[in-house]
Amino acid sequence: MNINHKNRFLRNYGGILLALLLIAVFFSLLSQYFLTVNNLLSVLLQVSIISITAFGMTYALMIGGIDLSVGSIIALAGMVFAITLNATGILFVAIAAAITAGLIVGFINGIIIAKLEIPPFIVTVATMGIFRGVAYSFTDSKPVPIELPSALAIGNDRFLFIPIPVWIVLVLLIISHIVLDKTKLGRQTKLVGGNRESAKYAGVNTAKIEVIVFMITGLASAVSGIILTSRLYSAQPNAALGYELDAIAAAVLGGTSLSGGYGSVIGTFIGALIIGIVNNGMNLLGLSYFYQLIIKGIIILIAVYADIRNKKKMLKVEG
């Protein structure tokens, strides 16, 4: 990494990395168990599903949208994965079926938003209930256990001492970053979020970009559903409740604008780490779930306030 790249990296992520460091130091002073290798690996494992979901959410936020159905897609894809696996006994087929399910529901979200011009918030609130209902209807609200060792390994085994879900996060982080920063699709995604009318005048098919973005969100959620099902040894129709809020919080904490146009999956990953460390630290300190919800809510408010402040500064500079 040359000096220009280092300066750019520190300019983009220096603030949030400092926040991550301070939070880690804070909890390490309060708990002797925080800085142990096993605990830190546990944090990485715990944030893996939220990180992957948040990568997809970053794309949705980048076009000025939002996807509140990601938790339901995780549950739905998990059910498809487990049912297909038990029916065929072939891991590859089950993974393909779950990913296809994620792409299809993402396409449904995207096509409704793009063609009917209904705000993403409204569409995904509606489909959040629809997809969850479909997941419940598959087995009449009952969980679907899985026993195939290779399927359980996805969420529970380690490679080179690192949990496999963490490796999946790192691979998807690299792919997502390259797509967002180095490809035509990424540039058009930012352009649509920054100024939709300008994007249209520049020849960008905004409807097509919206559909693709929500398919990416569905794909990311499906991968999360596969990992979660493996970790739980079963698919649960009520799985991933509230995950959409953690995914949004991770993206916004990482600098992705709620109004679209800018952001990054690297920042989102750091944001997910902050949420994971805060959750882990509060658990080590024995704080009740209710206090944890309050603290996470305050963190989200701070992140949103910071986003609004940054937006105002950018408007002043442009003005």
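**S224 and its surroundings.** I began with S224, which at 0% relative accessibility counts as buried and which lies in helix α10; the model I am reading is a predicted one. Leaving out residues up to four places away in sequence, I listed what S224 touches and found I49, I52, T53 and I74.

**The packing of α2 and α10.** I then asked myself at what angle α2 and α10 pack. Their angle comes to about 170°, and their axes are 7 Å apart. Because angles over 145 degrees count as roughly antiparallel, I entered α2 as roughly antiparallel to α10. On the α2 side I noted L45, Q46, I49, I52, T53, G56, M57, Y59 and A60 as the residues that make the contact, while α10 contributes V213, F214, I216, T217, A220, S221, V223, S224, I227, L228 and R231. Sorted by character, the residues of this contact divide into 13 nonpolar, six polar and one charged.

**R231.** I next looked up R231, which also lies in helix α10 and is partly exposed, with a relative accessible area of 29%. Setting aside neighbours within four places in sequence, I found R231 in contact with L45 and Q46, and with G155 and N156 as well. For the spacing along the helix I took R231 and S221, which are ten residues apart in sequence and 15 Å apart in space, C-alpha to C-alpha.

**Helix α8.** Which residues of α8 are buried? In this helix, which runs over residues 184-194, I found G186, Q188, T189, V192 and G193 buried. They cover an arc of only 165° around the axis, and therefore I place them on the same side of α8. I kept in mind the general point that an α-helix has 3.6 residues a turn, so residues three or four places apart point the same way. On the other side of α8, I recorded K184, R187 and G194 as exposed. When I checked what covers the buried residues of α8, the cover included α2 (37-62), α7 (164-182), α9 (196-201) and α10 (206-232).

**Salt bridges.** How many salt bridges are there by the rule I used? The count comes to two. In one of them the side chains of K190 and D181 meet, at 3.1 Å from N to O; K190 is partly exposed, with a relative accessible area of 25%, and D181 likewise counts as partly exposed at 26%. The side chains of E210 and R196 also meet in a salt bridge, at 2.8 Å from N to O. E210 lies in helix α10 and R196 in helix α9, so the pair ties together parts that are 14 residues apart in sequence. I looked up the accessibility of both partners and found E210 buried, with a relative accessible area of 9%, whereas R196 is partly exposed, with a relative accessible area of 28%.

**Y33.** My last entry concerns Y33, which lies in the loop between α1 (3-30) and α2. Is Y33 buried or exposed? With a relative accessible area of 52%, Y33 is exposed, since the exposed class takes in values over 50%. Not counting residues up to four places away in sequence, I found that Y33 touches N39 and L284. I also looked up the separation between the C-alpha atoms of Y33 and I99, which are 66 residues apart along the chain, and it came to 37 Å.

Note on methods
Residues numbered from 1 in each chain as written. Predicted model: local features only at pLDDT ≥ 70, side-chain atom pairs only at ≥ 80, totals over all residues. Heavy atoms only, no water. Buried < 20%, exposed > 50% of the residue type's maximum accessible area, 1.4 Å probe, protein only. Helix = DSSP H or I, 4+ residues; strand = E, 2+ residues; numbered from the N terminus. Arc of directions from axis to C-beta. Contact = heavy atoms within 4.5 Å. Salt bridge = Lys/Arg side-chain N within 4 Å of Asp/Glu carboxyl O. Axes fitted to C-alpha atoms, helices over the stretch in contact; angles between N-to-C directions. Parallel < 35°, antiparallel > 145°, perpendicular 65-115°, else oblique. Nonpolar A, V, L, I, M, F, W, Y, C, P; charged D, E, K, R; others polar.
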